[in-house]
Amino acid sequence: MHLGHRPQHLPLENGFDEWFGAPNCHFGPYNSSFRPNIPVYNNSEMLGRFYEEFEIDRKTGESNLTQIYLQKSLDFILRQAEAGQPFFLYWTPDATHAPVYASRPFLGKSQRGLYGDAVMELDYSVGQILSQLQTLGIDNNTFVFFTSDNGAALISAPHQGGSNGPFLCGKQTTFEGGMREPAIAWWPGNIKEGTVNFQLANVMDLFTTSLALAGISPPDDRTLDGLDLTPVLLNRSHTLQNRPIFYYRGDELMAVRLGQYKAHYWTWTNSWQEFKEGIDFCPCQNVPGVTTHDQKEHTLMPILFHLGRDPGEKFPIRVMNREYEDVLSRISPVVQQHKKSLVPGIPQLNMCDLSVMNWALAGCEKLGKCLKGPKSEPWKCDWPH
């Protein structure tokens, strides 16, 4: 979820009616004397922890977690359908996040090792959810959207990560390999199968789009970054022209895309120190002046690419080229207006403190799983990426 693990950040405190899952990925296992394993919740109480009650075998890669998440989702859909109630299901399995896992029926079944096994199980699970909708006769009244949160983590590849194909670099960068994701919309009778649309969109659009599909007006007491995609999804000839996409890393605007063009105002892969330790966000990819290990500023003369001709961001448009001048004259006002409209937020990730980790959570008493945490000694967090 990545919304935070403390009680006020959990799903039931932020609009959801039910929740089964964890507040973070299945990192670990940890030594409970220094850091507790991440809990798995059923609504507001923990049921156990990863690597303990919810097993993940780091040697074999076996875990039944995806099947557990699948069954919970199928049960939820069935209950809502039988009650004649509309529903919103947010299904976010994390099996393809290192350390990768798959359940026993899928281990060794793909030609892509454990990562392929995990992808195969996710594919099967999505198929089961769609079949459930069809069996219940609600497929023509249910909008399904499949996507991901970032590009493949190349630092985990090939055994624990995927591929970004022709795109540059991977997760944790603002190059296309880190930010561009698959997206599939499914709604029988409303979205024609097999069609392709090149509309620029991002996951923030799903909030606004979902409200529109439900016939609910968006809140007017805040600025919403997402757009309603229903005109594009339901009328494939329609596009939301010149919609910019802003690429951030932390609070720094790294790049902007407008149409087929992308302007890099900063470039950075990761630090020289990490790179020398074997951490490489762009393995076997080197574009001089672009895949930099120093944080390079280009705000006075952004690096421009035409992603239609050059999806791999390998051939910058020459500065003296008239195309460069024309594109920059269109992108610069967009950036200026964007920065002018920003309202600074209150930093929430500046300070770290081990005492607020998952030591003693609601429900731990019933399980005998309450742990004594250390005293509070906050320090300034170090986020190397």
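This passage describes the disulfides, the aromatic contacts and one nonpolar surface patch of a predicted model.

The structure contains three disulfides. When the bonded cysteines are counted along the chain, the disulfides of the protein show the pattern 1-2, 3-6, 4-5. Two further cysteines, C25 and C284, are treated after the bonded pairs.

One disulfide is formed by C169 and C282, with the sulfur atoms 2.0 Å apart. The torsion about the S-S bond of C169 and C282 is about 105°, and the disulfide is therefore right-handed. This pair links distant parts of the chain, 113 residues apart. C169 is placed in the loop between β4 (144–147) and α3 (176–179), whereas C282 is placed in the loop between α6 (272–276) and β10. Both cysteines of the pair, C169 and C282, are buried.

A disulfide is also formed by C352 and C381, whose sulfur atoms are 2.0 Å apart. The torsion about the S-S bond of C352 and C381 is about 125°, so this disulfide is right-handed. C352 belongs to strand β12 (residues 351–352) and C381 to the segment after β13 (379–380), so the pair ties together parts that are 29 residues apart in sequence. C381 has a relative accessibility of 11% and counts as buried, because buried means under 20% relative accessible area.

C364 is joined to C370 by a disulfide with an S to S distance of 1.9 Å. The link of C364 and C370 has 90° about the S-S bond and is right-handed. The two ends of this link can also be described by their accessibility. C364 is buried, with a relative accessible area of 1%. C370, at 35% relative accessibility, counts as partly exposed.

C25 takes part in no disulfide. The cysteine sulfur nearest to C25 is that of C352, at 17 Å. C25 is buried, and its relative accessible area is 10%. For C284, the closest cysteine sulfur is in C282, 11 Å away, which is too far for a bond. The cut-off used here explains this result, because a disulfide requires sulfur atoms within 2.5 Å. C284 counts as exposed, at 86% relative accessibility.

The aromatic side chains were examined next. A pair of aromatic rings is described by the distance of the centres and the angle of the planes. Ten aromatic pairs are found in a search of the whole structure. In one of them, the rings of F76 and F87 have centres 5.9 Å apart and planes at 85°, so the pair is edge-to-face. F76 and F87 link distant parts of the chain, eleven residues apart. F76 lies in helix α1 (residues 65–82), and F87 lies in the loop between α1 and α2 (113–135). F76 counts as buried, with a relative accessibility of 13%, whereas F87 is partly exposed, with a relative accessible area of 26%.

F143 and F145 also form an aromatic pair, with a distance of 6.2 Å from centre to centre. The planes of F143 and F145 are 40° apart, and the pair is tilted. F143 counts as partly exposed at 23% relative accessibility. F145 likewise counts as partly exposed, at 27% relative accessibility. Elsewhere, F16, F88 and Y90 form one aromatic cluster.

Aromatic rings also take part in contacts with charged side chains. The charged end of R35 is placed over the ring of Y30, at 5.5 Å from the ring centre. In another such contact, the charged end of K262 sits over the ring of Y247, and the distance to the ring centre is 4.1 Å.

The surface was also searched for patches. A nonpolar patch on the surface is made up of L300, M301, V319 and M320. Together, these residues have about 500 Å² of accessible area. Within the patch, L300 is located in the loop between β10 (296–297) and β11 (303–306). L300 has a relative accessible area of 83% and is exposed, since exposed means over 50%.

Definitions and conventions. Residues are numbered from 1 along each chain as its sequence is written. This is a predicted model: local features need pLDDT of at least 70, side-chain atom pairs count only at pLDDT 80 or more; totals for chains, interfaces and linings use all residues. Side-chain values use heavy atoms; hydrogens and water are left out. Patches are made of residues with over 30% relative accessible area and no salt bridge: like charges are joined within 9 Å, nonpolar side chains (Val, Leu, Ile, Met, Phe, Trp, Tyr) within 5 Å. Accessible areas come from the Shrake-Rupley method with a 1.4 Å probe; for residues, only the protein chains shown count as cover. A salt bridge is a side-chain nitrogen of Lys or Arg within 4 Å of a carboxyl oxygen of Asp or Glu. Helices (H or I, at least four residues) and strands (E, at least two) are DSSP runs, numbered from the N terminus. Buried means under 20% relative accessible area, exposed over 50%, partly exposed in between (1.4 Å probe, protein chains only). Rings of Phe, Tyr and Trp (its six-membered ring) pair if their centres lie within 6.5 Å; planes under 30 degrees apart count as stacked, over 60 as edge-to-face and the rest as tilted. A charge sits over a ring if NZ of Lys or CZ of Arg is within 6 Å of the ring centre and within 35 degrees of the ring normal.
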